[in-house]
Each structure stands twice: as C-alpha cells, then as structure tokens.
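Please open the structure in your viewer and keep the sequence panel visible. The tour below proceeds by selection, one stop at a time.

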Amino acid sequence: EINILDSEGNLDLDEFYLTLCLAATAYIRSFCMNNLKICIFLSVLLLTACSAPNVPSQASASIDSGNSTSDVADVQSEHSGELSLVTSYLGPDSEASTEDGFYQAIPNPQGGTNIMYTDYATQSTLYLCPDPNCLHNSDSCSSWFDSSSVQLFSVPSQMSLYAIVSSSDKSDLIKLSLDGLQRTTLYTCTGRESFQDAIVADESNIYIALSSVNSNTAIPTKQLIQLNVSTGNCKVLLDYEAQDWLFGAYSDNLLILYFENGSFTYRSYSLSEGTLTDIYSYDYQDGSPNTIARPVDNFLYIFEPQESGSAKVICLNMETKSTADLNLSVPYFGTDATTIGSPFDDYLYVTTHDFNSSSTVSYLINRITGEYSPITLSYMQGAISVGVEVIASTSEYYLVNTGITPVPIMLTSNDGSQYQSEIDMVSYSLIKKDDYLSNTPAYIPITNQFTA
C-alpha cells in the first residue's frame, strides 16, 4: 500500500499516479483474463472514443497491401521456421521470459518505466543496465523508457526481446537485444492506429494486428500484418473486424477467433495459400456457463459444460480435424468465472471460481496423459487466498508468484525534498518442477534489487 500524501499531508502526485497505474494494471489484467468477450468490446470502445486525428503510420518500409481490399488478401506469405504464440492469448503484458531469465516492466515512481531482469543462475532481480552507478531514470539507462506504458514479449527463435512503448500520441514496436543495450524501432503507430491481439512470431517475422478507426465513419477495423524484423518490411495479410482476435498459430496457419451473431468461430489463415478455413464454432449466451476453447500448438482444448459446476474436456486436432474425449470431468463454473492460463510444458493451468460458495479451484490438465491434478499452493493477499501460478519455465525450475513484498523507494515531494516510501510488488520464487507438481512449497527466493 502506498501513502499518497507527502510529509506535509499534501497530495503527492508521483505516488498517486504510481498507485493508480499499478492498481489499474493488476485489475485490468485479472478482469480481461476472465472476460474475453467484454475485454474485446472495451478495446473497441476505447479505441473509438480515444483516437486522435488520423495521422499516417510510420515504419522502416512502406506496407505492401497486396489485394487487401477484400477480407483475405490474395497473397501468399513465406515464413521462416516454426510459428509460435509469443504472448498470452490476450496479448503482451509487462512480463517476458527466456530460458535464462525473466523480464518485467516496472513503473518508476520518478517517471517512466524500468525493465528489471531476473537472472535464474544468480536468483536475483536487477535493472537491465550494466552501469552500477546509474540512477536508472533517464535515456542514458538501458533499462529505462520515457513512458508509463511498456509491454514486453520475447521471441526465443530470434534471441530477442520486444517492447511496445506507448504514449498519448503514438506506440512504438521496439526490438531489443537480450541485454537491453541495442534498440531498433520496427514500427510506429500514430493517430488512430494501435497494436492489438496476441502476437505470433517465427525466426524472421512478427505477426501482429493493427487496429485503426476510419476517420469518416468512426468504425474500428483491424489488419493482420507480417513484419520482417530484419528489413522492417510489412505485408498486409488479412482484414478483419475489431471484435475478432488473433489467438495463436500452428503449422503455417495463424489462428483467429471470430465473434459473429452470438457465436465464436476459430478460423485458420494459411500463410502458404492465403485462405481462411473454419475450425470450430461454439455459441455464447449471457448468463449461461458456455463453452470455452483455447489453442495449444496444433490442438484446440474445448471445455463443454455438463452438470452444474463441471465440464468435459475435448481435444481437437486442428490439422487432421479429429477429436478425442479426454474422459475427464473437471471443475468448471462458466466462461466468466474460468481462466485458462498460458500453457507450460505439457500442462494447462485452469482456475475457476464458484460465486455461490465464493471458492476457487485451481488445477492442471496434462495434455499428454489427460490427467487432472489439483494445485493447492497459494499465498494470502490481504484476506484473499491467491493461487501460485507458473509464470515461466526453465529446464529444471518453474518461476512462480509467491506473495506481495514491500519495496523501499525514494520519492520527491511537491517542495522538491526527497523522502523514503515503499510500494508493494509481486514476489517471485523458483521451485523445482517436481515440487510444484506435488504441491510441495519448497520455494527458492529471488533477491529483488529494485529501488527508485
């Protein structure tokens, strides 16, 4: 908890802004993970309401639109290496990981945002900056951005870190070296344009959605583009509606979730053929438990509501179109109460909340064996019990959230004097995979060197 008054009892704008930023980020992330339909609607609404006058976008090369006046551009696209989802289903957030470490974008109370790096080998978190004398609050620091909105994702096949850095009038897609010392701006959204959806990548390209608002009709639309990270060249692959969402990839296909007439439909877009193919559809009705389906690699995992409080899980192979019932009944209280987290190793992590009993159940589904395993590891956040989730994975360990820790910071009051305060930050720990899977809380703490 942050005291938003300075030493003289006046409102401290730095602390007030930081409190608002951290609280809003945490709430929006939690809300959107549980309410995909509402999240997409709000994205469209905010884009329509908050857009500035139309200004052309800027990139290192012009966009090749192909024949993109139709919904599907009559173009064929080459891709290099395996396509993979490199963000969560809802898109980038403030975290990214590699085999060796974990990156976080943390608001700096003095202004801007710092990237912190957790080194698994030393079990410590430090600024992504090699200068031990750096104040980490200006452009001279490799960890610092002059923006309060920084989203991260990594592409292991490219050995690169990416940041989407946004301000009131633009958003930059920036490619960074893993040490943060090299930055290259690949694309700049300005005016009525913004980055949306999940992000897919291969060894040479980023596949990302650009959302824009027509200046004449005020109707938001999206374009799915292929952005070559070496040349900066862009190609428009597909035009689609603002409420539809790039959700994943398999083989040479991008997977898009369409919402039409009260139904969700997954469609694959073939990069080699430039065509759309229906994969799976399911209805959505307000107030009903509803089906939910999430892709992992070339499989679609479908949770179909059964009797009250349960669902059966079906696995659809999107390449062969064959289905398999996992013969599994799992706790399930509907789409609005259920979160399916980003997959790790062979597992899906599912959390579902029963509003009638105010109880939450977290569990794993082994995608290979179909085994169901409850996860009981948790920590207290005030009076609320929070499940311990896997944030990132190495060959031997999982990185997990294990609580909230107060971190000391230095702030400047309105009269220019400095004083010490503190902010609450998520604590991360390493845990051996076997210990996590057996619900054994043998955490290995990580030292956090964040100060401001």
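A charge sits over a ring if NZ of Lys or CZ of Arg is within 6 Å of the ring centre and within 35 degrees of the ring normal. Select Arg294 and Tyr89 to see such a case: Arg294 lies over the face of Tyr89, at 6.0 Å from the ring centre. Please bear in mind throughout that this is a predicted model.

**The whole chain**

Display the complete chain as a cartoon. Three helices and 35 strands can be found in the chain. Of its 452 residues, 51% are buried. Now consider the contacts between residues with a separation of 6 or more: 48% of these join residues 24 or more positions apart. If you switch on the surface, the accessible area is about 20,600 Å², and carbon and sulfur atoms contribute 49% of it.

**Tyr89 and its partner ring**

Return to Tyr89 and add Phe247 to the selection. How far apart are the centres of these two rings? The distance is 5.3 Å, and because the planes meet at 25°, the pair is stacked. Tyr89 belongs to the loop between strand E3 (84–85) and strand E4 (95–97), while Phe247 is in strand E17 (residues 245–250). The two residues are 158 residues apart, and their pair links distant parts of the chain. Are these residues buried or exposed? Tyr89 is buried, with a relative accessible area of 4%, and Phe247 is also buried, at 0%.

**Strand E17 and its sheet**

Extend the selection from Phe247 to the whole of E17. Six of the six residues of this strand are buried, so E17 is largely enclosed by the rest of the structure. Next, add E18, E19 and E20. These four strands form an open sheet in the order E17-E18-E19-E20, with antiparallel pairing. The edge strands, each pairing on one side only, are E17 and strand E20 (276–283). From one strand to the next, the twist averages 25°.

Look within the sheet at E17 and E18, which are joined by five bridges in the antiparallel sense. Here Trp245 stands opposite Leu257 in E18. At the turn, the hairpin of E17 and E18 has two residues between the strands, and Ser251 takes a positive phi near 50°.

Move on to strand E18 (residues 253–260) and strand E19 (residues 263–270), an antiparallel pair with eight bridges. Select Leu257 again: its bridge partner in E19 is Tyr266.

**The hairpin of E9 and E10**

Select strand E9 (residues 149–155). Five of its seven residues are buried, so E9 is largely enclosed by the rest of the structure. Seven bridges connect E9 with strand E10 (residues 160–166), and the two run antiparallel. Val155 stands opposite Ser160 in E10. Four residues lie between the strands of this hairpin, in which Met159 takes a positive phi near 55°.

Show the side chains of Phe153 and Tyr162. Both are buried. Why is this pair called stacked? The ring centres are 5.0 Å apart and the planes are at 5°, and planes under 30 degrees apart count as stacked.

**Further aromatic side chains**

The count of aromatic pairs comes to 16. To view one aromatic cluster, select Phe259, Phe264, Tyr280, Tyr282 and Tyr284 together. For the last stop, select Arg183 and Phe145: the charged end of Arg183 sits over the ring of Phe145, 3.8 Å from its centre.

Terms used:
Residues are numbered from 1 along each chain as its sequence is written. This is a predicted model: local features need pLDDT of at least 70, side-chain atom pairs count only at pLDDT 80 or more; totals for chains, interfaces and linings use all residues. Side-chain values use heavy atoms; hydrogens and water are left out. Buried means under 20% relative accessible area, exposed over 50%, partly exposed in between (1.4 Å probe, protein chains only). Contact means heavy atoms within 4.5 Å. Accessible areas come from the Shrake-Rupley method with a 1.4 Å probe; for residues, only the protein chains shown count as cover. Rings of Phe, Tyr and Trp (its six-membered ring) pair if their centres lie within 6.5 Å; planes under 30 degrees apart count as stacked, over 60 as edge-to-face and the rest as tilted. Two strands pair if DSSP finds at least two bridges between them. Axes are lines fitted to C-alpha atoms, for helices over the stretch in contact, and angles run from 0 to 180 degrees between N-to-C directions.
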